[in-house]
Amino acid sequence: MTRPTGSVLRLTVYVGENDTWHHRPLYSEIVHRAHAAGLAGASVFRGVEGYGGSSVVHTSRLLSLSEDLPVAVVVVDTEERVRAFLPELDTLVTEGLVLLDHCEAVRHVRRDDGSGTGEAPR
């Protein structure tokens with residue numbers, strides 16, 4: 001995988017928590033495809049409240065409305081690599097919002113202890 005520093009492109013995909021792709025959560029499919037494409041990193045963030053094109057507010061505060069909360073999938077890499085990944089989203093995202101932001105990566109540290117836990121070696 002790449003380790004970008006300097007100018008990067010941030011891809012943010014907003015979808016619903018219940019959106020699926022072939023019986024798999026859509027956000028998970030996006031992350032796995034980004035990983036397979038060798039992109040530097042991807043994370044999924046679950047919203048506690050939000051609304052989109054339907055104008056229906058979804059919130060975790062009310063039990064009856066706590067379904068289909070907003071989810072943001074954030075992918076970061078060089079502009080060239082992120083833009084090359086965009087056609088993957090054309091087939092996956094039928095409802096939602098896709099944003100691109102130019103950012104500056106000032107630090108990208110990965111622990112190489114081999115444990116996969118993200119903890120520093122002792």
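**Exercise 1.** Does E29 count as buried or exposed, and at what relative accessibility?

*Solution.* The structure is a predicted model, in which local features need pLDDT of at least 70 and side-chain atom pairs count only at pLDDT 80 or more, while totals for chains, interfaces and linings use all residues. Residues are numbered from 1 along each chain as its sequence is written, and side-chain values use heavy atoms, with hydrogens and water left out. The classes are set by relative accessible area: buried is under 20%, exposed is over 50%, and partly exposed lies in between, with a 1.4 Å probe and protein chains only. E29 has a relative accessibility of 12%, and therefore counts as buried. Across the protein, 27% of the 122 residues count as buried.

**Exercise 2.** Trace the salt bridges of R33 and place each partner in its helix.

*Solution.* A salt bridge requires a side-chain nitrogen of Lys or Arg within 4 Å of a carboxyl oxygen of Asp or Glu. Helices are DSSP runs of H or I with at least four residues, strands are runs of E with at least two, and both are numbered from the N terminus. The first step is the pair R33 and E29, whose side chains meet in a salt bridge at 2.8 Å, N to O; both residues lie in helix α1 (residues 26-36), 4 residues apart, or about one turn of the helix. The second step is the salt bridge between E88 and R33, also with 2.8 Å from N to O. This pair links distant parts of the chain, since E88 belongs to helix α2 (residues 79-92) and R33 to helix α1, 55 residues apart. E88 is partly exposed, with a relative accessible area of 33%.

**Exercise 3.** Describe the salt bridge between E79 and R83, and then name the residues that shared partners join into one network.

*Solution.* The side chains of E79 and R83 meet at 2.8 Å, N to O, and the two residues stand 4 apart in helix α2, so about one helical turn separates them. E79 is partly exposed at 33% relative accessibility, and R83 is partly exposed as well, with a relative accessible area of 39%. Salt bridges that share partners join R24, E29, R33 and E88 into one network. The whole structure holds 7 salt bridges.

**Exercise 4.** Locate R107 and state its exposure.

*Solution.* R107 sits in the segment after β8 (97-105). With a relative accessible area of 69%, R107 is exposed. Its C-alpha lies 8.6 Å from that of G6, although 101 residues separate R107 and G6 in sequence.
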